Amino acid sequence: MRSSVRLSVLDQSVACAGRGQDAAIRQTVALAEHCERFGYARFWLSEHHSLPTIVGTAPEVLMAAIAARTARIRIGSAGVMLPHYSAFKVAEQFRVLDALAPGRIDLGVGRAPGADHRTSLLLNPDPRAADHFPQQVRELHAWVMGEDLPEGHAGRGIHAHPRAATAPQLWMLGSSGYGAQLAGHFGMPYSFAHFITDGEGCADALELYRHMFRPGLVERPLANVCVWALAADSEEEAWRLFASRERARVDRQTGRFGPLLPPEEAARPYTEAEEAFRRNLRSRAMVGTGEQVVQKLRALAESLEIEELVVITWTWDAQAQRRSYELIAQAAGLPAA
């Protein structure tokens, strides 16, 4: 992979059949340590609620644990679903995280609920909370950066502590044109969730972001793409491991959620529509040996003209997940510690 493209990691603390959900949280922390050793630039964590598959509900808590066990890798949220919360409280949490890991904290925010409607209302009873997202982003930026809010704002003169020489880097996350436009308007770094849409809309969103961009938090457009990928020691083994992810994606299409199944238990008869979806999923999947996956990642980065890819990998076997990141790092020539 060309030197101008960085590789990072997104982990979602995926529950696996036969093991407790608490094990998924501990595995995320161990994976962060592993990925730092193999030269990845960032380690990001997602936020989901009331899902039996993805059990990472509090990225800010996991970030603190990872900060205590790492020394170099940037740690971030991908992201905090801001409409659920007070922007001021989020700013305080991330100022504390920056004190624990100065200059290593990314604060990625999103508007999507990361939950069903009922769960969202339990997090924030206001059914129109997402309508205030742009205002929340403005407030969050001011409090994170130690700037004051405009005259007349209820929060003017209020500051998020602890204050320090460094500050979290604010990112906008999205899988549609909305986040791209907002990131461009505020001059924020932007991350597109390629793995959610299987790439649909990615190029258009990046083009929209660059077109709308005006200098703000950063002076020029800064974007990355979060993409699903899986490597193994052989192509055959990689496709065998992919069966777990494949089953989860097919089931999700019909509203079925559960822990990730071992590859040997993942197969089931598919309907005609499910089989068509499965074939399409496989045709786009970045699966293979380390060298094969890196070739696909390189082609994607070049086609989208981006400088960073964030890799997400689901496997039932924790060791297979760690091995995948190891193989990709080695094939890409990342500087191992």
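## A walk through the predicted model

Leaving aside its neighbours within four places in sequence, S46 is in contact with L10, D11, Q12, I54, G56, P59, A78 and G79. These residues belong to a predicted model, and S46 itself has its place in the loop between strand 2 (42-45) and helix 2 (59-69). Because its relative accessibility is 4%, below the 20% limit, S46 counts as buried. Its side chain also makes a polar contact, at 3.4 Å, with the side chain of H48.

The loop that holds S46 also contains S50, which is found between strand 2 and helix 2. With a relative accessible area of 55%, S50 is exposed, and although S50 is not a glycine, its phi is positive, at about 55°. Most residues other than glycine have a negative phi, and most peptide bonds are trans. A further exception is S13, which is not a glycine either and has a positive phi of about 50°. S13 lies in the loop between strand 1 (6-11) and helix 1 (21-37), and at 2% relative accessibility it counts as buried.

Two of the contacts of S46, A78 and G79, are joined to each other by a cis peptide bond, with omega near -5°, and G79 has its place in strand 3. Another cis peptide bond joins H161 and P162, where omega is about 0°; P162 is found in the loop between helix 5 and strand 5. In the loop between helix 4 (117-123) and helix 5 (133-145) the reader will find N124. A polar atom of the side chain of N124 lies 2.8 Å from the backbone oxygen of P83, and, not counting residues up to four places away in sequence, N124 touches P83, H84 and A129.

The next stop is helix 9. At 1.5 Å a residue, the 19 residues of helix 9 (residues 235-253) should span 27 Å, and the C-alpha atoms at its ends are 26 Å apart, which agrees with that expectation. Helix 9 nevertheless has a kink of about 35°, centred on A243. A243 is also one of the buried residues of helix 9, which include W239, L241, F242, R245, R247, V250 and D251. The cover over the buried residues of this helix includes helix 7 (194-197), strand 7 (223-231), helix 10 (263-266), helix 11 (272-284), strand 8 (286-288) and helix 13 (318-332). After helix 9 comes G255, whose phi is positive, near 75°.

Beyond that helix, F257 has its place in the loop between helix 9 and helix 10. Its relative accessibility of 45% makes F257 partly exposed. Leaving aside neighbours within four places in sequence, F257 is in contact with L51, P52, T53 and R252. Although F257 and D11 are 246 residues apart in sequence, their C-alpha atoms are 18 Å apart in space. Further along, in the loop between helix 10 and helix 11, is R268, which is buried, with a relative accessible area of 19%. Not counting residues up to four places away in sequence, R268 touches R247, V250, D251, R256 and E274, and its side chain makes a polar contact of 3.1 Å with the side chain of E274.

Helix 9 also takes part in the open and enclosed spaces of the model. The largest pocket has about 960 Å³ of space, and its lining is made by 47 residues, of which Q12, H48, F195, I196 and R252 lie nearest its centre. Two or more residues of this lining come from each of strand 3 (74-81), strand 5 (169-174), helix 6 (177-186), strand 6 (190-193), helix 7 and helix 9, and helix 9 gives the most, with seven residues. By the rule applied here, there is one cavity of 30 Å³ or more, and the largest cavity holds about 150 Å³ of space. At least two residues of its lining are supplied by each of helix 7, strand 7, helix 9 and helix 11. Among the residues that line this cavity are H194, F195, W228, F242, R245 and L281. F195 therefore appears both in the cavity lining and among the residues nearest the centre of the largest pocket.

Conventions: Residues are numbered from 1 along each chain as its sequence is written. This is a predicted model: local features need pLDDT of at least 70, side-chain atom pairs count only at pLDDT 80 or more; totals for chains, interfaces and linings use all residues. Side-chain values use heavy atoms; hydrogens and water are left out. Helices (H or I, at least four residues) and strands (E, at least two) are DSSP runs, numbered from the N terminus. The expected span of a helix is 1.5 Å times one less than its number of residues. The bend at a residue is the angle between axes fitted to the seven residues ending there and the seven starting there. Buried means under 20% relative accessible area, exposed over 50%, partly exposed in between (1.4 Å probe, protein chains only). Contact means heavy atoms within 4.5 Å. A polar contact is a pair of N or O atoms within 3.5 Å; within protein, one must be able to donate a hydrogen and the other to accept it, and residues adjacent in sequence count only if both atoms are side-chain atoms. On a 1 Å grid over the protein atoms alone, a cavity is a set of points where a 1.4 Å probe fits but cannot get out, and a pocket is an open set with protein on both sides within 12 Å along at least five of seven lines; lining residues have an atom within 4 Å of a point. Grid points are joined across faces, edges and corners, and a volume is the space filled by probe spheres set on the points.
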